[in-house]
Amino acid sequence: MTGVLANQQITDLMDRGIIAADRAFVDGQVQPASLDLRLGTVAYRVRASFLAGKGRRVEDRLDDFEMHRFSLEGGAVLEKGCVYLVPLMERLALPADISAVANAKSSTGRLDLLTRMITDEGTEFDRVSPGYTGPLYAEICPRSFSVLVRPGMRLNQIRFRNGQSVLSDNALGALHAEQTLVTGGPAVISDGLGFSVDLKPEQGDLVGYRAKPHTGVIDLDKLGHYAPSEFWEELHSTTGQIILDPDAFYILVSREAVHIPPDYAAEMAPFLAMVGEFRVHYAGFFDPGFGHDAAGGTGSRGVLEVRCHEAPFVLEHGQIVGRLVYEKMDQSPSQLYGAGIASNYQGQGLKLSKHFRAG
């Protein structure tokens, strides 16, 4: 049986030294189907984003791209529009049958904080080949807001796989018939489960938020602290459509409520790169139990981080903007998303990151 490794299997990898770290692992770092990765103690300001490439180490390539380095101890600001490389505390020694994929955490994506993992000899972002042994790095590029970071902060997460376990469209259709994966809209199944944007809310006319261009710094340790109006413009619509401005960043919400049954995990992916002039900017992991009734998740929507490119684009209610790719778990996780653990977005609707005050 192959599939995504569950929390108890990840803990076993840690106990066996397959996943190791510079500092002791902390409570809450292991999620139902992923492991949070922690920033190390130093950051490098680099001239450009890069991949190590075959036969080369990230450390060696820093000689070509490093502008300066600085300590994160005590806190340091990563400035909007700049590219940084931060060695992570975790490192891997994967067996030949285990691969891994990384992704920005929900709150990271909602701040438009482009965070991607790179590895030695890597030729793709956020991908770890089976059998990889070596360090992990986070490439961080704040796109909308400058942020204050410290060692140990968790901006991205890693998911481990044994083989390939993505559900075919036929299997996905059967699972939906059995367990109802989406409500509030039709089940559009094509290379995953399509979901659309909600621009006709049941109450009021607030449909989303647009990031303001000139704002202060966000301290990532301060939760429920910032006034949304200092960083975001509200978007209202009574017509079921909005016009996206080029290179602006938006927070919207899916029309459908999403359900991830306990024996499955999912990943958000762009629907089609060539549908219009926009894309859902940050793919994201959906853990087992997200939107699951028994885990308190009834009616959980998918929050969409959208950026428009090149030309203004009209986005309309019900337009399909992304898809969920479902995978089988290798084992049932002993802990579900939202069930007794600190899950910030279970049962969510349109919601900014946890750093902003509600209401």
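## A walk through the fold

Let's begin with a cysteine: Cys308 is buried, and its relative accessible area is 0%. Keep in mind as we go that this is a predicted model. Another cysteine, Cys82, also counts as buried, at 13% relative accessibility. Could sulfurs like these be joined up? The cut-off for a disulfide is two cysteine sulfur atoms within 2.5 Å. For Cys82, the closest cysteine sulfur belongs to Cys141 and lies 7.8 Å away, so the gap is too wide for a bond. By this rule the structure ends up with 0 disulfides.

Now head for the start of the chain and helix α1, which covers residues 7–15. Its buried residues are Asn7, Gln9, Ile10, Leu13 and Met14. They sit on the same side of α1, because they take up an arc of only 160° around the axis. The spacing makes sense once you know a bit about helices: an α-helix has 3.6 residues a turn, so residues three or four places apart point the same way. What lies over that buried side? The cover includes β1 (3–4), β2, β3, β4 and β14. Just after α1 comes Gly17, which has a positive phi of about 80°.

Next, strands. Strands of a sheet pair through backbone hydrogen bonds, and they can do this in parallel or antiparallel fashion. Here's an open sheet to look at: it has 3 strands, in the order β7-β13-β19, and the pairing is mixed. At the edges you'll find β7 (76–78) and β19 (218–219), each of which pairs on one side only. Strand β13 (residues 147–149) runs parallel to β19, and 2 bridges connect them. To spot this pairing on screen, find Val147, which stands opposite Ile218 in β19.

For a strand with antiparallel partners, move on to β18, residues 206–211. Of its 6 residues, 5 are buried, so the rest of the structure largely encloses this strand. β18 pairs with strand β20 (residues 232–236) in the antiparallel sense, over 5 bridges. Tyr209 faces Glu234 in β20. β18 is also joined by 2 bridges to strand β22 (residues 249–258), again running antiparallel. In that pairing, Arg210 has Tyr250 of β22 as its bridge partner.

Time to look at charges. Side chains of opposite charge can pair when their charged atoms come close. How many salt bridges turn up in the whole structure? The search finds 23. One of them joins Arg23 and Glu73, whose closest N and O atoms are 3.3 Å apart. These two are 50 residues apart and link distant parts of the chain: Arg23 is in the loop between β2 (19–21) and β3 (30–31), while Glu73 is in the loop between β6 (66–71) and β7. Both are partly exposed, with Arg23 at 40% relative accessible area and Glu73 at 46%.

Another salt bridge connects Asp36 with Arg154, with 3.2 Å between the closest N and O atoms. This pair spans 118 residues: Asp36 belongs to strand β4 (residues 34–37), and Arg154 sits in the loop between β13 and β14 (156–162). Is each partner buried or exposed? Asp36 is buried, at 1% relative accessible area, whereas Arg154 is partly exposed, at 28%.

Asp36 has another charged partner to show you. The side chain of Lys105 makes a polar contact with the side chain of Asp36, at 3.0 Å. Lys105 lies in the loop between β9 (98–104) and α3 (106–110). Is Lys105 buried or exposed? It counts as buried, because its relative accessibility is 18% and the cut-off for buried is under 20%. Beyond its neighbours within four places in sequence, Lys105 touches Gln31, Asp36, Arg154, Leu155, Asn156 and Gln157. So both members of the Asp36–Arg154 salt bridge are among the contacts of Lys105.

Finish at Arg307, whose side chain meets that of Asp112 in a salt bridge of 2.6 Å, N to O. The two are 195 residues apart, with Arg307 in strand β26 (residues 301–308) and Asp112 in the loop between α3 and β10 (113–119). Here both partners are buried: Arg307 has a relative accessible area of 2%, and Asp112 comes in at 0%. They also belong to a network of salt bridges that links Asp112, Arg143, Asp247 and Arg307. As for where we started, Cys308 lies in that strand too, since β26 covers residues 301–308.

Notes. Residues numbered from 1 in each chain as written. Predicted model: local features only at pLDDT ≥ 70, side-chain atom pairs only at ≥ 80, totals over all residues. Heavy atoms only, no water. Pairing = 2+ DSSP bridges. Helix = DSSP H or I, 4+ residues; strand = E, 2+ residues; numbered from the N terminus. Buried < 20%, exposed > 50% of the residue type's maximum accessible area, 1.4 Å probe, protein only. Polar contact = N/O pair within 3.5 Å; in protein donor to acceptor, adjacent residues only side chain to side chain. Contact = heavy atoms within 4.5 Å. Salt bridge = Lys/Arg side-chain N within 4 Å of Asp/Glu carboxyl O. Arc of directions from axis to C-beta.
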